[in-house]
Amino acid sequence: MIFRQLFDSVSGTYSYLLASRAGGEALILDPVLEKVDRYCQLLRELDLRLVKAVDTHLHADHVTGLGELRDRTHCVTIMGEQSKADVVAMRVADGDRVMIEGLGLDVMYTPGHTDDSYSFLMGDRVFTGDTLLIRGTGRTDFQNGNARAQYDSIFGRLLKLSDETLVFPAHDYKGDTVSTIGEERRFNPRLQVRSVDEYVELMGNLKLPNPKMMDVAVPANMQVGLHQDELKKQGRALSPRDAIANLGRPDILLVDLRESSERAKHGTLTGALHAPYPDIDKSLQPGGMLREVAAATGRRIVFFCAFGERSAMAVAAASKAGLTNTAHITGGIDAWKKAGGPVLTG
């Protein structure tokens, strides 16, 4: 396995690059905008293809690299389902798995630092975001933080992992790089409490100043999406209501870009062809499935995904490949459902 821990000294942020092999698919956790050049250089050096970028929560101390990595690598951006950030192409929930070639991360909802905080368990290690830090815990006094919820996340979830489980947090300010669950149970001063009430009192009396970047980072991290309005101006977007009205038209081919797990969980649309987004470039090249279907049928390809991010990128990829008769459904199947569109389940 390829595993790299990368550090941004300005914000004290750790980012993690994961892949199962050289030349394969890669995933990055908690990327920092100012370090994107370094990530891309490392991807080239290790001959990796970034397919997914994950934020453990909405960060307040740095601007996320999700949007820039999406623009440069066309990767899928991932956060928890509670996230309000518009850059998110795939939202995950407790019990889901984030998969790339050869690797899987188990999704754990661990709120408390924020209400959209997640941890990700992979074999012998857990990426804890800002929920559990090395000899500390993430503050709970802003962004819908809740000390009681954090206590439950730590004592009820994370500390139930084996003592040997490696702990890789999203931040450290003292120079520590890794710990274990057992170490934190024994030596983390904030975990030496006798009750949830004692923990709530402890966290309520920290009296910490707000992060220096908070007023800049939070709004920036909520609005880094693809601006799907641009495709609408170009006539390359269908509103959910228009898409519903056109359902079943013989001159339109609906193409579902989501992963199989998303389709099983959230349902599918009648007559939609499944073409997972990671393979979109191959599918649009000469001899590729979508290119051949479009040429043979003359139908207009209408892409859709979960929230419109992947489908907007697919329209751009199709244009680059010379297929101009394409569009996407604004807001994805999430907006389709909210507009009352029919969904096949089971």
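**Entry 1: glutamate 25**

I began with the contacts of glutamate 25 in this predicted model. Leaving aside residues up to four places away in sequence, I found that glutamate 25 touches Leu18, Ala19, Ser20, Arg49, Val51, Ile100 and Glu101. I then located the residue in strand E3, which covers residues 25-29.

I next asked whether glutamate 25 is buried or exposed. Its relative accessibility is 18%, so glutamate 25 counts as buried, the cut-off for that class being under 20%.

Two of the listed neighbours called for a closer look. The side chain of arginine 49 is joined to that of glutamate 25 by a polar contact of 3.3 Å. For glutamate 101, I noted that the backbone nitrogen is the partner: the side chain of glutamate 25 reaches that atom at 2.8 Å.

**Entry 2: cysteines**

I looked up how many disulfides the structure holds and recorded 0. Why is cysteine 40 without a bond to its closest cysteine sulfur? That sulfur belongs to cysteine 75 and lies 9.0 Å from the sulfur of cysteine 40, which is too far for a bond; a disulfide would need the two sulfur atoms within 2.5 Å. I checked from the other side as well: cysteine 75 is in no disulfide, and the sulfur of cysteine 40 is the nearest cysteine sulfur to it.

I also entered the accessibility of both residues. Cysteine 40 counts as buried because its relative accessibility is 9%. Cysteine 75 counts as buried because its value is 1%.

**Entry 3: the largest pocket**

I turned to the pockets and recorded a volume of about 740 Å³ for the largest one. Its lining consists of 35 residues, and those nearest the centre are Ser11, Asp61, His171, Tyr173 and Pro211. By class, I counted 13 nonpolar, 12 polar and 10 charged residues in this lining.

**Entry 4: the second largest pocket**

For the second largest pocket I noted about 550 Å³ of space. There are 30 lining residues, with His74, Tyr277, Asp281, Met313 and Ala317 nearest the centre. The lining of this pocket divides into 15 nonpolar, 6 polar and 9 charged residues.

I then asked which element gives the most to this lining. Strand E4 (49-54) and helices H2 (66-73), H7 (229-233), H10 (280-284) and H12 (309-320) each supply at least two residues. Of the contributors to the second largest pocket, H12 gives the most, with 7 residues.

Technical notes:
Residues numbered from 1 in each chain as written. Predicted model: local features only at pLDDT ≥ 70, side-chain atom pairs only at ≥ 80, totals over all residues. Heavy atoms only, no water. Helix = DSSP H or I, 4+ residues; strand = E, 2+ residues; numbered from the N terminus. Buried < 20%, exposed > 50% of the residue type's maximum accessible area, 1.4 Å probe, protein only. Polar contact = N/O pair within 3.5 Å; in protein donor to acceptor, adjacent residues only side chain to side chain. Contact = heavy atoms within 4.5 Å. 1 Å grid on protein atoms, 1.4 Å probe; cavity = no way out; pocket = protein on both sides within 12 Å on 5 of 7 lines; lining within 4 Å. Points joined across faces, edges and corners; volume = space filled by probe spheres on them. Nonpolar A, V, L, I, M, F, W, Y, C, P; charged D, E, K, R; others polar.
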